[in-house]
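Reader: Hey, I've got a protein model open and I'm a bit lost. Can you walk me through it?

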Amino acid sequence: MTHLLLAATLSPSEQNSSREAGRETAMAKDILGEAGLHFDELNKLRVLDPEVTQQTTELKEECKDFVDKIGQFQKIVGGLIELVDQLAKEAENEKMKAIGARNLLKSIAKQREAQQQQLRALIAEKKMQLERYRVEYEALCKVEAEQNEFIDQFIFQK
C-alpha cells in the first residue's frame, strides 16, 4: 500500500522516466480508481472522477445562468405586474368617473323632468287663470254694455 501512495505522489516526468515506474503508476491509478480516487490533469489526487468534476462545473455554470435568467424574468414579470396594476387602477378610476358622469346625467334628466312638470302645472294654472279672466272680462263687458244702455235710456227719458 505504501508503494501505491509513493506512486501516487510522483510527478508526471518522474513517472515517465522508466517503464517500471510507468507500470507501477498505471497499477496505482487503477487501484486508486477502484477506491474512488482519481488524478486530474495537474496530477493532483481527487475524490471525483475528472469527467464528473467537469460535468459538475458545467452544471454549476448552467445553474448560475439559469438563476440569473430567472432573476431577470422575475424583474420583467414584476415590472409587468406593476404596469398591469397601474392600468387596473387607471381603469377603475375611469370607471368611477363614468359612473359619476352617468349618475350626474340621470340626476340632470330627473331635474329637467321635474322642471317640465312644474312648468306644465304652471301653464295649466295660467290657462285656468286666463279663462277666469276671460269670463270675468266678458261679464264686465256685459255689465258695461248694460250700464251704457241704462245711461242712454236715462238720458233719452229726460
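Reader: Which residues are linked in a network of salt bridges?

Author: E131, R134 and E138 are the linked ones. A salt bridge here is a side-chain nitrogen of Lys or Arg within 4 Å of a carboxyl oxygen of Asp or Glu. Before we go on, this is a predicted model, where local features need pLDDT of at least 70, side-chain atom pairs count only at pLDDT 80 or more, and totals for chains, interfaces and linings use all residues. Residues are numbered from 1 along each chain as its sequence is written, and side-chain values use heavy atoms, with hydrogens and water left out.

Reader: Okay, how far apart are the closest N and O atoms of R134 and E131?

Author: For R134 and E131 that distance is 2.2 Å. On the other link, between E138 and R134, the closest N and O atoms are 2.6 Å apart.

Reader: And where do E138 and R134 lie?

Author: Both lie in helix α4, four residues apart, about one turn of the helix. R134 and E131 are three residues apart in helix α4, so about one helical turn separates them too. Helices here are DSSP runs of H or I with at least four residues, strands are runs of E with at least two, and the numbering starts from the N terminus.

Reader: Are those side chains buried or exposed?

Author: In between, actually: R134 is partly exposed, with a relative accessible area of 38%. The cut-offs are under 20% relative accessible area for buried and over 50% for exposed, with partly exposed in between (1.4 Å probe, protein chains only). E131 is partly exposed at 38%, and E138 is partly exposed at 43%.

Reader: How many salt bridges are there by this rule?

Author: The count comes to three. One that I haven't described yet joins E94 to K97, with the closest N and O atoms 3.7 Å apart. E94 and K97 are three residues apart in helix α4, which means about one helical turn between them. E94 is partly exposed at 47%, while K97 is exposed at 55%.

Reader: Helix α4 keeps coming up. What pattern does the chain follow along the sequence?

Author: Reading along, you get α-α-α-β-β-α. That makes four helices and two strands. Helix α4 covers residues 50-157.

Reader: How much of the chain do buried residues make up?

Author: They make up 6% of the 158 residues.

Reader: New topic: what does the UniProt annotation covering residues 105-136 say?

Author: The unreviewed UniProt entry labels that span "coiled-coil region". UniProt positions follow the numbering used here, feature names are shortened, and annotations may be inferred rather than shown by experiment. In the model, the span is 100% helix and 0% strand, and its end C-alpha atoms lie 46 Å apart.

Reader: Cool. How many aromatic pairs does the structure hold?

Author: It holds one. F150 and F154 form that pair, which is stacked, at 6.4 Å centre to centre with 20 degrees between the planes. The rule is that rings of Phe, Tyr and Trp (its six-membered ring) pair if their centres lie within 6.5 Å; planes under 30 degrees apart count as stacked, over 60 as edge-to-face and the rest as tilted.

Reader: Why are F150 and F154 separated by about one helical turn?

Author: Because they are four residues apart in helix α4. F150 counts as exposed at 57% relative accessibility, and F154 is partly exposed at 45%.

Reader: Which residues form a nonpolar patch on the surface?

Author: L80, L83, V84 and L87 do, with about 360 Å² of accessible area together. Patches are made of residues with over 30% relative accessible area and no salt bridge; like charges are joined within 9 Å, and nonpolar side chains (Val, Leu, Ile, Met, Phe, Trp, Tyr) within 5 Å. The areas come from the Shrake-Rupley method with a 1.4 Å probe, and for residues only the protein chains shown count as cover. V84 lies in helix α4 and is partly exposed at 47%.

Reader: Last one: how many disulfides are counted?

Author: Zero, with a disulfide taken as a pair of cysteine sulfur atoms within 2.5 Å. As for cysteines, C63 is partly exposed at 40%, and C141 is partly exposed at 27%.
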